[in-house]
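Here is a short tour of one protein model and the ligand it holds. Look over the sequence and the structure first, then read on.

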Amino acid sequence: MTHIDYIDSFYKHTMVPALSPLTLNGLVQVDVCIIGAGLAGLTAARELLKAGKSVVLIEGNRVGWGASGRNGGFVSDGYAQGLGALERQLGVAQTKALFDVSRLGTNYVQQAVSELGARGVRPQEGWLRVSRYSNEDRLQRDIDYFNSVYGTAYGYWPKERVREHLVSELYFQGMEDPEAFHIQPLNYALALAQDIRQRGGQIYEGQQARSLEKSSGHWTVRCEGNGHVQAGSVLLCGSAYMQDLYPKLERAVLPVATYVMTSEPMAHQLSRAIRYAGCIGDTRRAGDYYRLVEDSSRLLWGGRMTTRRSQPQALASMLKKDILSIYPQLGDFGVDFAWAGLMGYCLHKMPVLREMEPGLWSATATGGHGLNSTATIGMLAAEGIAGLSDRHRLFEPFDAQWGGGPIGRMGTQLVYWGLQMHDWWDEWRS
Ligand SMILES: Cc1cc2nc3c(=O)[nH]c(=O)nc-3n(C[C@H](O)[C@H](O)[C@H](O)COP(=O)(O)OP(=O)(O)OC[C@H]3O[C@@H](n4cnc5c(N)ncnc54)[C@H](O)[C@@H]3O)c2cc1C
C-alpha cells in the first residue's frame with residue numbers, strides 16, 4: 001500500500017474517491033508497460049486495452065499526481081508551440097495535419113468525460129482570450145485566418161462586450177473559442193484510471209520505475225522494492241518528473257514550474273468583476289489564465305513560469321497581486337489554496353512521440369498545453385504500439401534533442417522574461 005498523498009490543492013479538496021492503491025510484488029508479464037499515470041499514460045493505457053493488449057501502468061506517486069492533477073483545467077486545440085512557428089518550420093499542410101490530430105485530443109476528452117459519466121469533472125464550455133492593448137484589426141485578421149485555414153469557429157468580441165463580461169480597464173478586444181472547455185482535471189484522471197481497472201489494466205501506485213533492461217524480445221522494468229515487469233513494449237510518460245531512468249529523454253525535457261491558486265468563496269465580489277463562465281486568458285505571450293469554479297463562488301487563477309523547482313514562499317501573494325492589478329474591485333480576499341506543478345518542455349515546444357529504440361516508446365513533453373495533447377499522443381502511441389496506424393510519425397520532426405542542461409533552463413527562463421518584456425512593450429505603446 002502506498003501512503004503518498006496528493007498535494008494540497010483545490011482539486012484534492014474537490015476530488016472523488018481515488019482507486020485503492022495496489023503494490024507491485026514479484027514479476028508481472030504483459031504486452032505493454034507504461035511508466036507514469038498522468039493523462040498521457042492513462043489515455044495510452046485505455047486505448048491499448050481497447051485494442052486488446054494487456055497493460056501495466058507504473059506510477060511513482062498517485063494517479064494524476066503530476067501536472068495532470070494540478071493544471072488550470074483548460075482543454076483546447078493546438079500545442080505549446082504556436083501555429084505560426086510550426087508553419088514556418090513545416091509549412092501549412094503539415095501544420096494543419098498536426099492541428100487536426102490536436103483537435104482529436106480535445107474531442108477525446110469531451111467524449112471520455114461523457115462516456116465514463118465522470119463524476120466531479122464539471123465541463124464548462126468556452127474560452128475567451130482578451131487583448132491587453134487595442135488590437136482590433138490584427139485580432140480580426142487572425143480569427144479569419146484560423147477559421148478559414150484550420151476550420152476553427154473562433155468569434156470576435158469588441159471591447160464593449162469584453163468589458164461587460166470582464167470588468168477591467170486593462171482589457172480590450174477578445175477572441176472566443178466555443179469548442180474549448182474547462183474541467184476538474186484530477187477527477188478526469190481518476191475516471192480514466194477507474195475505466196482502465198474495469199477493462200483489466202493494472203495500475204500500481206507509489207512505485208518508482210528504477211531501471212529499464214532490454215533482453216531478447218522484451219523489456220524488463222525494475223521498480224523500487226522487489227516488483228518488476230516484463231513487457232514486449234514500454235511507453236515512457238513521466239514528463240518533467242522522470243529522473244534517472246532514460247537519460248536521453250530526461251535530458252531533452254526541461255522541467256518548468258508554473259503556479260495556480262484558488263480564492264476563498266467570494267461570489268459577491270466576483271460577480272462585480274468576472275461574468276464569463278468558461279476559460280479566460282489574455283493574449284499576452286506570458287499570460288495569465290483563470291476561471292470561476294464551485295458555482296462561480298471561487299476564482300481559480302494560474303500564471304507565471306520559472307525554471308526553479310522550489311515553490312516560492314510568497315506564491316499566494318504573488319498571484320494575488322497579479323489578480324488585483326486587473327481586478328482591483330475584488331479588494332482584499334483570502335487565498336485558500338496555492339500550488340505549483342512542473343510542465344515538461346522540449347526546446348521545440350512539441351511533444352516527443354516516437355519509438356526511441358525497438359519496443360521503447362515515448363509519449364511526453366506536452367508543456368503547458370497538455371490537456372488535449374496528452375490525449376492525442378496517448379491515442380497515437382497506443383495505435384503505433386498496437387500496430388494499428390503510423391499516425392505517430394506526424395511527430396517525427398520533433399526529436400528528443402538535448403535541452404541544454406542548466407544552460408537550457410537558464411535560456412528558458414530568459415525566454416520567459418523576454419516574452420514578459422514584449423508584452424509590457426506592446427501594452428505601453430498602445
Ligand atoms: C500548474 C499547471 C497548469 C497547467 N495548465 C494547463 C491548462 O490549463 N491546459 C493545458 O492544456 N495544459 C496545462 N498544463 C499542462 C498539462 O497539465 C501537462 O501538459 C499534462 O498534464 C502532462 O501530462 P503527462 O501525463 O505528460 O505528465 P504528468 O501529469 O506530469 O505525469 C507524469 C507522471 O509520471 C510519474 N513518473 C515520473 N517518473 C516516474 C518513474 N520513474 N516511475 C513511475 N512514475 C513516474 C509522475 O509521478 C507523474 O505522476 C498545466 C501544467 C501545470 C503544471
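## The shell around the ligand

The residues of the ligand shell split into 17 nonpolar, 21 polar and two charged. The model is a predicted one. In total, 40 residues surround the ligand. The closest are Glu59, Ser68, Phe74, Thr366 and Gly367.

Where does the ligand lie relative to domain 1 and domain 2? It lies between them, because both domains give residues to the shell. Domain 1 is built from three stretches, 10–70, 186–252 and 347–399. Domain 2 takes in 124–182, 255–345 and 411–429.

## Polar atoms next to the ligand

Oxygen atoms of the ligand have protein N or O atoms close by. At Ala40, a backbone N or O atom lies 3.1 Å from a ligand oxygen. At Asn61, the atom belongs to the side chain, and the distance to a ligand oxygen is 3.0 Å. Gly73 brings a backbone N or O atom to 3.3 Å from an oxygen of the ligand.

How much of the ligand's accessible area does the protein cover? On its own, the ligand has 1000 Å² of accessible area, and the protein covers 98% of it. Four elements give two or more residues each to the shell: α2 (39–50), β11 (254–263), β15 (335–345) and α11 (370–385).

## Two of the shell strands pair

β11 and β15 run antiparallel. They are joined by 10 bridges. Within this pairing, Thr262 stands opposite Phe337 in β15.

β15 is mostly covered. Of its 11 residues, eight are buried.

## A strand covered on both faces

In a regular strand, side chains alternate between the two faces of the sheet. Strand β12 spans residues 279–282. Which residues of β12 are buried on each side? Cys279 and Gly281 are buried on one side, and Ile280 and Asp282 are buried on the other. Both faces of β12 are therefore covered, given that buried means under 20% relative accessible area.

β12 has partners in two strands. Strand β4 (residues 124–130) runs parallel to β12, with four bridges between them. Here Val130 has Asp282 as its bridge partner. Strand β13 (residues 289–293) runs antiparallel to β12, and two bridges join them. In that pairing, Ile280 has Tyr290 as its bridge partner.

## A hairpin and the loop after it

Strand β16 (residues 352–357) pairs with β17 in the antiparallel sense. Five bridges hold the pairing in the count. Glu357 stands opposite Leu360 in β17. Two residues lie between the strands of this hairpin, and Gly359 takes a positive phi near 85° there.

Ala365 follows in the loop between β17 (360–364) and α11. Its phi is also positive, near 70°, and Ala365 is not a glycine. Is Ala365 buried or exposed? Ala365 counts as buried because its relative accessibility is 2%.

## Another positive phi

Ser296 is a second residue to check for its backbone angle. Its phi is positive, about 60°, although Ser296 is not a glycine. Ser296 sits in the loop between β13 and β14 (298–306). Its relative accessibility of 36% lies between the 20% and 50% cut-offs, so Ser296 counts as partly exposed.

## Neighbours and distances along the chain

Trp65 is found in the loop between β2 (55–58) and β3 (74–75). Its relative accessible area is 18%, so Trp65 counts as buried. Trp65 and Ala37 are 28 residues apart in sequence, yet their C-alpha atoms are 8.1 Å apart in space.

Gln243 lies in the loop between β10 (228–236) and α8 (247–250). At 52% relative accessibility, Gln243 counts as exposed. From C-alpha to C-alpha, Gln243 and Arg210 are 8.9 Å apart, with their positions 33 residues apart in the numbering.

Gln140 is part of helix α5 (residues 136–150). Gln140 counts as partly exposed, because its relative accessibility is 32%. What separation do the C-alpha atoms of Gln140 and Arg122 show? They are separated by 31 Å, while the two residues are 18 apart along the chain.

Conventions. Residues are numbered from 1 along each chain as its sequence is written. This is a predicted model: local features need pLDDT of at least 70, side-chain atom pairs count only at pLDDT 80 or more; totals for chains, interfaces and linings use all residues. Side-chain values use heavy atoms; hydrogens and water are left out. A residue is near a molecule or strand if one of its heavy atoms lies within 4 Å of it. A polar contact is a pair of N or O atoms within 3.5 Å; within protein, one must be able to donate a hydrogen and the other to accept it, and residues adjacent in sequence count only if both atoms are side-chain atoms. Accessible areas come from the Shrake-Rupley method with a 1.4 Å probe; for residues, only the protein chains shown count as cover. Ala, Val, Leu, Ile, Met, Phe, Trp, Tyr, Cys and Pro count as nonpolar, Asp, Glu, Lys and Arg as charged, and the others, Gly among them, as polar. Domain bounds come from an automatic or database domain assignment. Buried means under 20% relative accessible area, exposed over 50%, partly exposed in between (1.4 Å probe, protein chains only). Two strands pair if DSSP finds at least two bridges between them.
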